[in-house]
Structure formats: C-alpha cells, structure tokens
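Visitor: I should be grateful for a close look at one part of this structure. Please set that part in the context of the whole chain before turning to the details.

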Amino acid sequence: MSEDLIYFSRNLIFIRRLVGVTQAGLAEKLGIKANTVSNYEKEVTTPDFKILVRLCKLFCLPTDMMLNTLLTPADLEVKPGWLQNVRQNFNLNDIDTPVISQETVLSGNSEHLYNKQLLELLERKDETIMELNRRIGRLEYKIELLQKENKSDF
C-alpha cells in the first residue's frame, strides 16, 4: 500500500472523529455502507474517484491534502470556521459535541494527537517491514530448495 493511502486512512479517521461523525453517519452521507467506511479506515479497500471527491467536499478539504498530507490540528486551525462548516454538512449543530472538541484542536494536545498519528504510522511501517522480511525468508528458502533440486538433477 502506498504512502498516500496510508495518509488517506489516517486522515479519514482523524477528521471523522474530530468532526464527531460515526462511520455509519459518514457512510449515509456518501451513499455507501458503514462497513465500507470501516474498510477505508483499515486500508482494506480504497474509495473510487467519485466517493473520494464527495468525501473531500463533505470535509471541505482538497483531495491533494487528504491524500498527500498527514493532517494535524494545526493544518485545520488555519482554516477559519472549518469545523463548523463540516459539521453543518453533517447536519450537526453546536449542541452536539464532537468526539475531539475544538478546544483540543487548538490546545497543546494537538502535538500529542500528531505524535500519536506518527507513532501509528511507524508501527504500520514496522509491521510491513516484518511481513516483507518473512516473505523474503520464504523466498530464500524456496530458492535454496530449487538450487538443491537442480544440483541433484545433474
């Protein structure tokens, strides 16, 4: 899986939670099933172009930012009224409080959230490296067996 898609899934989780929308709520707005959103977040599948564009419109973000930037609260705080606009897109009013409040976004906790995202990204990369090393080991073993087979044929 490419870096861009890792950013996409991390960003999707981060923004959805920040806004205070459930997977089912997002899925309803996109016209897809809730488990599809879950699969996007788990990197099992990726959205097609039309869904990606709709998603970015709902989140008031350019697709380039959604795919190529590991978003932090700092990226969003430079967009005045961003959170309120996105919450309006989901018909959420100010009485509904998001899972992560706007105060958290603007406070010192933003560095903590960013660091948590980076740690999760590093963990995922470590898991990928370990899996690739296992595959390399299996391939080396198969090569060894094939070499032994070829020597015994002669």
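How much area does the protein expose, and what percentage of it do carbon and sulfur atoms supply? With that settled, which residues of helix H4 (residues 49-58) are buried?

Guide: The model is a predicted one, and every value that follows is computed from it. The protein exposes about 9900 Å², and carbon and sulfur atoms supply 54% of that area. Of its 154 residues, 32% count as buried. The fold contains nine helices and zero strands, so its elements, taken from the N terminus, run α-α-α-α-α-α-α-α-α. Among the contacts with a separation of 6 or more, 69% are accounted for by residues 24 or more positions apart.

Against that background, helix H4 can be described from its start to its end. A side-chain oxygen of Asp-48 comes to within 3.2 Å of the backbone nitrogen of Lys-50 at the start of the helix. The buried residues of H4, which spans residues 49-58, are Ile-51, Leu-52, Leu-55, Cys-56 and Leu-58. Viewed down the helix axis, these buried residues fall within an arc of 155°, and therefore they line one face of H4. Phe-49, Lys-50 and Lys-57, by contrast, are exposed on the other side of H4. Lys-50 thus appears twice in this account: its backbone nitrogen is the atom approached by Asp-48, and the residue itself is exposed. Just after the helix, Cys-60 adopts a positive phi of about 55°.

Helix H2 (residues 23-30) offers a useful parallel. Its buried residues include Leu-26, Ala-27 and Leu-30. These three cover an arc of only 100° around the axis, which puts them on the same side of H2. Gly-31 follows H2 and has a positive phi, near 75°. A residue with positive phi therefore comes after each of the two helices, helices here being DSSP runs: Gly-31 after H2 and Cys-60 just after H4.

Charged pairs complete the picture. Side chains of opposite charge can pair when their charged atoms come close. The structure holds four salt bridges. One of them joins the side chains of Arg-16 and Glu-41, at 2.5 Å from N to O. This pair links distant parts of the chain, since Arg-16 belongs to helix H1 (residues 3-19) and Glu-41 to helix H3 (residues 34-41), 25 residues apart. Arg-16 and Glu-41 are both buried.

Further salt bridges involve Glu-131. The closest N and O atoms of Glu-131 and Arg-134 are 2.9 Å apart. These two residues lie three apart in helix H9 (residues 109-153), so about one helical turn separates them. Glu-131 has a relative accessibility of 25% and therefore counts as partly exposed. Arg-134, at 42%, likewise counts as partly exposed. Glu-131 also meets Arg-138 in a salt bridge, at 3.6 Å from N to O. Arg-138 counts as partly exposed because its relative accessibility is 45%. Salt bridges with shared partners join Glu-131, Arg-134, Arg-135 and Arg-138 into one network.

To return to the part requested, helix H4 has one face lined by its buried residues, with Phe-49, Lys-50 and Lys-57 exposed on the other side.

Definitions and conventions. Residues are numbered from 1 along each chain as its sequence is written. This is a predicted model: local features need pLDDT of at least 70, side-chain atom pairs count only at pLDDT 80 or more; totals for chains, interfaces and linings use all residues. Side-chain values use heavy atoms; hydrogens and water are left out. Buried means under 20% relative accessible area, exposed over 50%, partly exposed in between (1.4 Å probe, protein chains only). Helices (H or I, at least four residues) and strands (E, at least two) are DSSP runs, numbered from the N terminus. The arc is that of the directions from the helix axis to the C-beta atoms. A polar contact is a pair of N or O atoms within 3.5 Å; within protein, one must be able to donate a hydrogen and the other to accept it, and residues adjacent in sequence count only if both atoms are side-chain atoms. Contact means heavy atoms within 4.5 Å. Accessible areas come from the Shrake-Rupley method with a 1.4 Å probe; for residues, only the protein chains shown count as cover.
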